[in-house]
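This report goes through one protein chain, from its overall plan to a few chosen residues. Please keep the sequence and the 3D view at hand while reading.

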Amino acid sequence: MDKDFFVQAIGAQADAMYRVAWTVLGNPDDCRDALQETTLKAWEKRHTLRDDGKFKSWVIRILVNECHNILRFRKRVVLMRDTPDQPFDPPDRTLILALQSLPEKYRLPLMLQYAEGMTYQEIAQALKLTEPAVRGRIHRAKEQLRKELEA
């Protein structure tokens, strides 16, 4: 992978990467840190990517790992009142609260599918899960959202 391809591929995924980082971290400063570290690690490990067509799921996996590292080291809790505007416009505030109430293991696959348009296979690769596990988590996320929104 040459420098031009890498820069172009990272640029093409920048918005998606920010949304994924936001889904896990919920803090703009932490998101920027995660994106910087992910870009650096991806560049350093670019030789490990065997198929350039899987760049998106590969870099998302690195990003998710980096987000978890940030959470582990900083052990921060983001309060709702400290949450800045979302990077995308959700239909209403109720949906935001319902999404944020989901455990990360359900919220992240759901966001990757609907906000990023990733396939079950891509999500499975990015999160190191099986496709049936991804389907199950998305299904449970939808069920929990439905219950939360009906209440």
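The protein chain has seven helices and zero strands. Along the sequence the pattern therefore reads α-α-α-α-α-α-α, with a helix being a DSSP run of at least four residues. The model is a predicted one.

**The chain as a whole**

Of the 151 residues in the protein chain, 40% count as buried. The accessible surface of the chain comes to about 9,000 Å², and carbon and sulfur atoms account for 50% of that surface. Contacts can also be sorted by how far apart the partners are in sequence. Among contacts between residues at least 6 apart, 67% join residues at least 24 apart.

**The nonpolar core**

In soluble globular proteins, nonpolar side chains tend to be buried together. In this chain the largest nonpolar core has 40 residues. Which residues have the most contacts inside that core? They are F55, L63 and L112. The elements that give two or more residues to the core are α1, α2, α3, α4 (93-101), α5, α6 (120-127) and α7 (131-150).

L112 can serve as an example from this group. Not counting residues up to four places away in sequence, L112 touches V20, I60, G117, M118, I123 and L127.

**Helix α1**

Helix α1 covers residues 3-25, which is 23 residues. A straight helix of that length would reach 33 Å at 1.5 Å a residue, but the end C-alpha atoms of α1 are only 29 Å apart. The helix also bends, by about 50 degrees, at A14. After α1 comes G26, whose phi is positive, near 70 degrees.

An α-helix has 3.6 residues a turn, so residues three or four places apart point the same way. The buried residues of α1 include F6, A9, I10, Q13, A16, M17 and V20. The run A21, W22, T23, V24 and L25 is buried as well. What covers the buried residues of α1 includes α2 (28-44), α3 (55-74) and α5 (104-114).

A21 is one of the residues in helix α1. A21 counts as buried because its relative accessibility is 0%, and the cut-off for buried is under 20%. Leaving aside neighbours within four places in sequence, A21 is in contact with G26, C31, L63 and C67. Two of these contacts, C31 and C67, are cysteines that come up again below.

**Two cysteines without a disulfide**

How many disulfides does the count give? The count comes to zero. C31 is in no disulfide, and the nearest cysteine sulfur, that of C67, is 6.6 Å away. C67 is likewise in no disulfide, with the sulfur of C31 as the nearest cysteine sulfur at 6.6 Å. The pair does not count as a disulfide because the two sulfur atoms would have to be within 2.5 Å.

C31 is buried, with a relative accessible area of 0%, and C67 is buried with a relative accessible area of 0% too. C31 lies in helix α2. Leaving aside neighbours within four places in sequence, the contacts of C31 are Y18, A21, W22 and L25. These four residues can be found in the 3D view by starting from C31.

**Pairs separated in sequence**

The table lists three pairs of residues, with their separation along the chain and the distance between their C-alpha atoms.

| Pair | Apart in sequence | C-alpha to C-alpha distance |
|---|---|---|
| A21 and L35 | 14 residues | 7.7 Å |
| V134 and E122 | twelve residues | 9.9 Å |
| C31 and L63 | 32 residues | 9.7 Å |

**The end of the chain: α6 to α7**

K128 is placed in the loop between α6 and α7. Its phi is near 55 degrees, a positive value in a residue other than glycine. Is K128 buried or exposed? K128 is exposed, with a relative accessible area of 64%.

V134 has its place in helix α7. At 0% relative accessibility, V134 counts as buried. Not counting residues up to four places away in sequence, V134 touches Y120, I123, A124 and L129. I123 appears in the contact list of L112 and in that of V134.

How values were computed:
Residues numbered from 1 in each chain as written. Predicted model: local features only at pLDDT ≥ 70, side-chain atom pairs only at ≥ 80, totals over all residues. Heavy atoms only, no water. Expected span 1.5 Å × (residues − 1). Bend = angle between axes of the 7 residues up to and from the residue. Buried < 20%, exposed > 50% of the residue type's maximum accessible area, 1.4 Å probe, protein only. Contact = heavy atoms within 4.5 Å. Areas by Shrake-Rupley, 256 points an atom, 1.4 Å probe, with all protein chains shown as cover. Core = buried A, V, L, I, M, F, W, Y, C linked by side-chain atoms within 4.5 Å.
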